[in-house]
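Work through the exercises below with the sequence and the model open. Each task is followed by a solution in steps.

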Amino acid sequence: MLVVDDDPSMGELLCAELAERGFEASAETEPAKALATVQAERFDAVLTDLHMEGMNGLELCERIVAARPELPVVLLTGHGTLDVAVAALRLRAFDFMTKPPDMDALAASLERAARHGRLADEVRELGEAAPGETEPFEGIIGASPPMRELVQLVGRVAAVDAAVLIRGESGTGKELVARALHERSKRRGAAFVALNCAAIPETMLEAELFGHVKGAFTDARSDRPGLFERARGGTIFLDEIAELHLALQPKLLRALQERAIRPVGSDREVEVDVRLVTATNTDLANAVEKRQFRADLFYRLNVIEIAVPALRERGRDVLLLAQHFIEHYARTMGREVVGLTPACAAKLTTYPWPGNVRELANVIERAVVLTRSTRLTVEDLPESLREHATPSAPPVAVDGEELVPLDEVERRYIRRVMAATGGNKTLAAQILGVDRRTLYRKDWAEKPPDSKRLL
Amino acid sequence: MISDDDEKPPSASMPAAPARSKAATALLPKFIGHRQRDATDIRSALDRGDYQTISRLGHNMRGNGASYGFPDLGALGERLETAAHQRNEEEIRKQLAALEDWITNVGSALT
């Protein structure tokens with residue numbers, strides 16, 4: 001932490017109080033020197049006095065934000081006036097507190113500021129990452145421990161010509177894993193053929209997989225090879241394998257065991273040489289127990305199982321992926337978008353992503369289309385994300401030791417922001433990172449701001 | 001105008017039970033040293049008619065007095081700041097004397 005106060009007594013006291021609370025803090029009495037220091041050294045946050053000689057805290061805040069946008073600034077002043085609070089927030093100060101500060105509340109604010117600063121650093125570093133640092137493995141992007149494990153497993157399994165069952169929620173990138181298995185295998189020179197079992201009507205699936213001969217059914221006007229023949233020497237990927245009808249399961253089992261298939265309407269067998277990779281987003285073992293899926297086929301498919309983690313289990317991978325999608329969509333759409341704002345990054349990292357990577361890709365594509373800035377903001381995100389509570393968002397400083405329910409904390413914090421902005425809903429919505437309409441829907445936000453209670 | 005209430009001199013001794021933190025208590029000798037320097041700076045600023053410096057020092061005292069658990073010193077700082085704005089030399093000298101008394105009394109209470 002850097003503490004800036006032209007009164008050495010205050011700087012010393014703040015540093016000592018912060019040190020007692022586990023912060024490493026140093027003080028600067030001259031704002032101009034402080035500006036040079038933050039440009040030369042790394043700090044998690046800056047705490048500055050408002051009234052200082054040479055350069056006041058607002059000007060210092062403005063110049064720090066211009067020079068180091070990711071560095072949060074907390075303003076401290078003897079005057080808790082609305083004008084100053086609004087000016088501070090307009091200048092993108094992280095927080096604003098009055099003197100003498102409640103040191104625990106100040107420490108909590110600085111801790112939040114530091115967290116915000118670290119996240120902003122991370123976002124900036126992602127944007128500046130040299131090519132190669134986040135190099136995908138056959139299109140798989142991720143640096144989180146579960147993804148590193150996955151990539152290692154794919155690398156090892158690819159060389160073995162065994163059946164693989166990929167398990168993972170919808171949208172996690174199971175087909176990407178299947179393609180990676182193919183590309184890293186000795187079969188990479190041959191075809192990779194993918195089919196979603198749920199997308200093909202049951203009556204057509206057999207012909208789609210094994211082909212048919214002329215006259216096999218009404219529309220069969222000529223012989224047509226199926227996927228097993230088209231993928232000869234390569235890999236077949238069958239997604240949503242749990243949807244494979246019970247009647248077709250023994251035929252697939254036979255194809256795997258005998259390495260031969262019989263096209264629909266044909267009386268001769270055709271030899272096939274494929275690797276079968278299947279995927280499911282359901283518990284296939286449970287389907288076996290319920291006799292919805294044949295046990296013998298399950299064991300045949302599940303020689304090696306690969307679990308693809310859900311996006312919510314992948315930590316900061318969401319930012320790596322978001323950056324990847326931003327660059328991809330900005331390039332394909334010819335838009336000048338380079339990254340995310342820290343508030344937007346915070347939203348992305350705390351949202352549970354029920355639709356996983358696919359949902360993230362859609363969100364980023366939409367945001368790249370809609371954004372008016374070079375960095376995606378919270379406003380560019382869909383309403384479901386904007387309205388999702390961000391646990392790391394600055395909570396309200398509750399009075400003393402009072403413990404209150406979360407909705408009460410939210411209510412008080414919105415009132416505090418409304419008060420600090422003089423009832424300006426547009427500015428308040430910006431600070432809160434929510435849509436202005438959302439603020440209107442919260443009827444307690446309509447109450448007149450309490451101008452006496454800024455903090 | 002300065003009201004009668006404002007005329008009250010700052011507490012000449014350590015306040016009985018101010019909410020003074022451990023960190024503030026440990027820094028008290030240094031804090032008093034800084035106030036001694038303030039008194040010197042105010043005197044020389046007054047000699048050269050530099051009311052801006054007096055106003056700044058008074059303003060700072062207003063903030064740091066309260067933060068170190070000396071609300072009376074904070075009030076003294078506020079009176080100094082107001083007097084500097086009004087260029088009221090007599091009042092500044094009066095508050096300066098009060099500051100020097102405060103330093104002597106709190107300093108001796110510490111030792």
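## Exercise 1: two residues with positive phi

A:Arg291 counts as exposed because 9 C-beta neighbours lie inside 10 Å. The cut-offs are these: a residue is buried if 20 or more other C-beta atoms lie within 10 Å of its own, exposed if 12 or fewer, and partly exposed in between, with C-beta atoms placed from the backbone. This is a predicted model, in which local features need pLDDT of at least 70 and side-chain atom pairs count only at pLDDT 80 or more, while totals for chains, interfaces and linings use all residues. Residues are numbered from 1 along each chain as its sequence is written, and chains are lettered from A and ligands numbered from 1 in the order in which they are written.

Task: Where is A:Arg291 placed, and is A:Asn356 buried or exposed?

Solution.
- Step 1. A:Arg291 sits in the loop between α11 (284–289) and α12 (295–301) of chain A. Helices (H or I, at least four residues) and strands (E, at least two) are DSSP runs, numbered from the N terminus.
- Step 2. A:Arg291 is not a glycine, yet has a positive phi of about 60 degrees.
- Step 3. A:Asn356 is likewise a residue other than glycine with a positive phi, near 55 degrees. A:Asn356 belongs to helix α15 (residues 356–370) of chain A.
- Step 4. A:Asn356 is buried, because 25 other C-beta atoms lie within 10 Å.

## Exercise 2: covered elements of chain A

Task: How many residues of strand β4 (residues 73–77) of chain A are buried, and which strand pairs with β4(A)?

Solution.
- Step 1. Chain A has 19 helices and 16 strands. Of its 455 residues, 42% are buried.
- Step 2. In β4(A), 5 of the 5 residues are buried, so the strand is largely enclosed by the rest of the structure.
- Step 3. A:Val73, A:Leu75 and A:Thr77 point one way from β4(A), while A:Val74 and A:Leu76 point the other way.
- Step 4. The partner is strand β3 (residues 46–49) of chain A, which pairs with β4(A) in the parallel sense over 4 bridges. Two strands pair if DSSP finds at least two bridges between them. A:Val46 stands opposite A:Val73.
- Step 5. Helix α14 (residues 342–350) of chain A is mostly covered, with 8 of its 9 residues buried. Among the buried residues of α14(A) are A:Cys344 and A:Lys347.

## Exercise 3: a helix pair in chain A

Task: At what angle do helix α6 (residues 145–158) and helix α7 (residues 174–183) of chain A cross, and which residues meet?

Solution.
- Step 1. The axes of α6(A) and α7(A) come within 8 Å and cross at roughly 40 degrees. Axes are lines fitted to C-alpha atoms, for helices over the stretch in contact, and angles run from 0 to 180 degrees between N-to-C directions.
- Step 2. α6(A) and α7(A) are therefore oblique to each other. Angles under 35 degrees count as roughly parallel, over 145 as roughly antiparallel, 65 to 115 as roughly perpendicular and the rest as oblique.
- Step 3. A:Val154, A:Val157 and A:Ala158 in α6(A) meet A:Val177, A:Ala180 and A:Leu181 in α7(A). Two residues are in contact if their C-beta atoms, placed from the backbone, lie within 7 Å.
- Step 4. The residues of this contact are 6 nonpolar, no polar and no charged. Ala, Val, Leu, Ile, Met, Phe, Trp, Tyr, Cys and Pro count as nonpolar, Asp, Glu, Lys and Arg as charged, and the others, Gly among them, as polar.

## Exercise 4: helix α3 of chain B

Task: Which helix of chain B gives the most to the side that touches chain A, and how is α3(B) oriented to α4(B)?

Solution.
- Step 1. In the contact between the chains, 18 residues of chain B touch 15 residues of chain A. α3(B) gives the most to the side of chain B that touches chain A, with 8 residues. That side divides into 7 nonpolar, 7 polar and 4 charged residues.
- Step 2. α3(B) packs against helix α4 (residues 71–85) of chain B at an angle of about 160 degrees, with the axes 7 Å apart. α3(B) is therefore roughly antiparallel to α4(B).
- Step 3. B:Arg62 is in α3 (residues 51–67) of chain B. B:Arg62 counts as buried because it has 24 C-beta neighbours inside 10 Å.
- Step 4. B:Arg62 and B:Gly74 are 12 residues apart in sequence and 3.7 Å apart in space, C-alpha to C-alpha.
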